[in-house]
Amino acid sequence: MDHKSVLLRKYLYDEGIDPDLRRLIHMVSVAGKYISAQLKAANRKMSGTQNASEEHQLEIDKKADVILQDMITQLDYVAEYASEEQEVVIKTKHPAPKYSVSVDPLDGSSLIDVNLAVGTIVGIHRCEKLIDSGRHIVAALYILYGPLTTLVYTSGKGVHEFVLNPEGEFVLSQTHLQMKPEGKIYSPGGLRTHWTSAHRQYIDDLITTGYKLRYSGGLVPDFNQILMKGGGMFAYPGLINNPEGKLRLLFELYPLAFICEQAGGAATDGVTPILDLKLAEIHQRAPIYIGSTTEVEKAKGYLST
Ligand code: FDP
């Protein structure tokens with residue numbers, strides 16, 4: 001197959017998934033094109049406020065959220081829209097709801113002013129199943145705004161990558177991405193002085209067995225690097241002063257865990273698979289160890305004792 005000629009919408013069509021799910025993924029990809037254009041026009045020193053997680057929120061965070069909300073909630077089968085930038089879930093009241101959507105509109109936006117890569121993360125859940133667990137996810141994707149804008153998605157039939165071309169189309173780049181059982185890079189979040197001794201021992205183990213450090217401070221590019229290199233491990237651990245860590249279960253961890261499992265990898269909080277963790281409220285956080293199965297198993301060995 002000549003990948004350059006295969007557009008995202010054609011690939012989605014050929015996958016034979018539910019037409020409404022197909023349109024939803026396509027709609028998110030269109031939103032991604034707008035966000036990509038906004039980022040190129042962004043004033044990098046834009047002032048901001050605080051979001052629902054009391055983190056600094058830039059103008060561009062809010063713009064990305066508005067673009068996604070407008071595009072997603074206009075589909076008359078979307079029941080709920082939950083955004084990391086908003087306090088509460090938006091309920092659409094559409095008459096025949098089928099899917100609910102979680103979004104992190106612009107993850108890693110603190111990296112915009114230094115011109116590093118950032119991303120959008122989206123989870124698509126069975127209707128009104130947002131506040132439950134990650135096992136109701138039917139599709140997940142992220143869009144990475146780097147030197148190239150790429151879209152990586154899965155509808156439960158493997159993980160595929162598309163690249164935004166100069167004509168404004170997402171064209172197929174790679175199909176059925178797979179993580180090897182073991183990689184050679186590690187990406188550890190959190191302040192070292194706040195790591196627990198179990199986490200520190202785990203990271204020391206990786207270092208002494210020859211793992212290379214790769215950490216940009218952006219979850220999407222850091223996870224994407226592990227996926228594209230075919231293995232390795234990203235961790236944002238529970239910290240001494242913050243046992244739940246930093247990253248949000250619904251907006252960040254469920255979608256990436258779903259993608260990772262689809263690529264043959266795994267994701268755990270140290271004990272429980274991320275997708276099995278129960279969600280009590282939308283901004284809940286959890287520790288994560290995600291990547292190749294060997295590294296994730298090793299993490300469990302250190303963390304669950
Ligand atoms: P950011 O605060 O820039 O939005 O989700 C939050 C996140 O970035 C992730 O993208 C990233 O992996 C993590 O925080 C980085 O946190 P540290 O600065 O604590 O390493």
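Trainee: Which loop holds Lys93?
Mentor: This is a predicted model. Lys93 falls between two strands of it. The loop runs from strand E4 (90–91) to strand E5 (99–107).

Trainee: What is the phi of Lys93?
Mentor: Lys93 is not a glycine. Its phi is nevertheless positive. The value is about 65°.

Trainee: Is Lys93 buried or exposed?
Mentor: The cut-off for exposed is over 50% relative accessible area. Lys93 has 78% relative accessibility, so Lys93 counts as exposed.

Trainee: Where does His176 lie, and what is its phi?
Mentor: His176 sits in the loop between strand E10 (170–174) and strand E11 (185–188). His176 is a residue other than glycine, yet its phi is positive. The value is near 50°.

Trainee: How does His176 count in terms of accessibility?
Mentor: Buried means under 20%, and exposed means over 50%. His176 has 48% relative accessibility. That makes His176 partly exposed.

Trainee: Now the ligand. How many residues surround the ligand, and which are the closest?
Mentor: The ligand has 14 residues around it. The closest are Asp107, Ser110, Tyr215, Tyr236 and Glu252.

Trainee: How does the shell around the ligand divide by residue class?
Mentor: Take the charged residues to begin with: there are 4. The rest of the shell is 5 polar and 5 nonpolar.

Trainee: What is the distance from a ligand oxygen to the side chain of Lys246?
Mentor: Look for an N or O atom in the Lys246 side chain. A polar contact needs such a pair within 3.5 Å. An oxygen atom of the ligand meets that at 2.8 Å.

Trainee: And what are the distances for Ser110 and Glu252?
Mentor: Ser110 has a side-chain N or O atom 2.5 Å from an oxygen atom of the ligand. For the side chain of Glu252, the distance from a ligand oxygen to an N or O atom is 2.5 Å.

Trainee: What share of the ligand's accessible area does the protein cover?
Mentor: On its own, the ligand has 460 Å² of accessible area. The share covered by the protein is 78%.

Trainee: Is Thr268 buried or exposed?
Mentor: Thr268 belongs to strand E14 (residues 266–268). Its relative accessible area is 2%. Buried means under 20%, so Thr268 is buried.

Trainee: Which residues does Thr268 touch?
Mentor: Leave out residues up to four places away in sequence. Thr268 then touches Pro273, Ile274, Pro287, Ile288, Tyr289, Val296 and Lys300.

Trainee: Which backbone oxygen lies 3.2 Å from a polar atom of the Thr268 side chain?
Mentor: A polar contact requires a pair within 3.5 Å. The partner at 3.2 Å is the backbone oxygen of Thr272.

Technical notes
Residues numbered from 1 in each chain as written. Predicted model: local features only at pLDDT ≥ 70, side-chain atom pairs only at ≥ 80, totals over all residues. Heavy atoms only, no water. Helix = DSSP H or I, 4+ residues; strand = E, 2+ residues; numbered from the N terminus. Buried < 20%, exposed > 50% of the residue type's maximum accessible area, 1.4 Å probe, protein only. Near = heavy atom within 4 Å. Polar contact = N/O pair within 3.5 Å; in protein donor to acceptor, adjacent residues only side chain to side chain. Areas by Shrake-Rupley, 256 points an atom, 1.4 Å probe, with all protein chains shown as cover. Nonpolar A, V, L, I, M, F, W, Y, C, P; charged D, E, K, R; others polar. Contact = heavy atoms within 4.5 Å.
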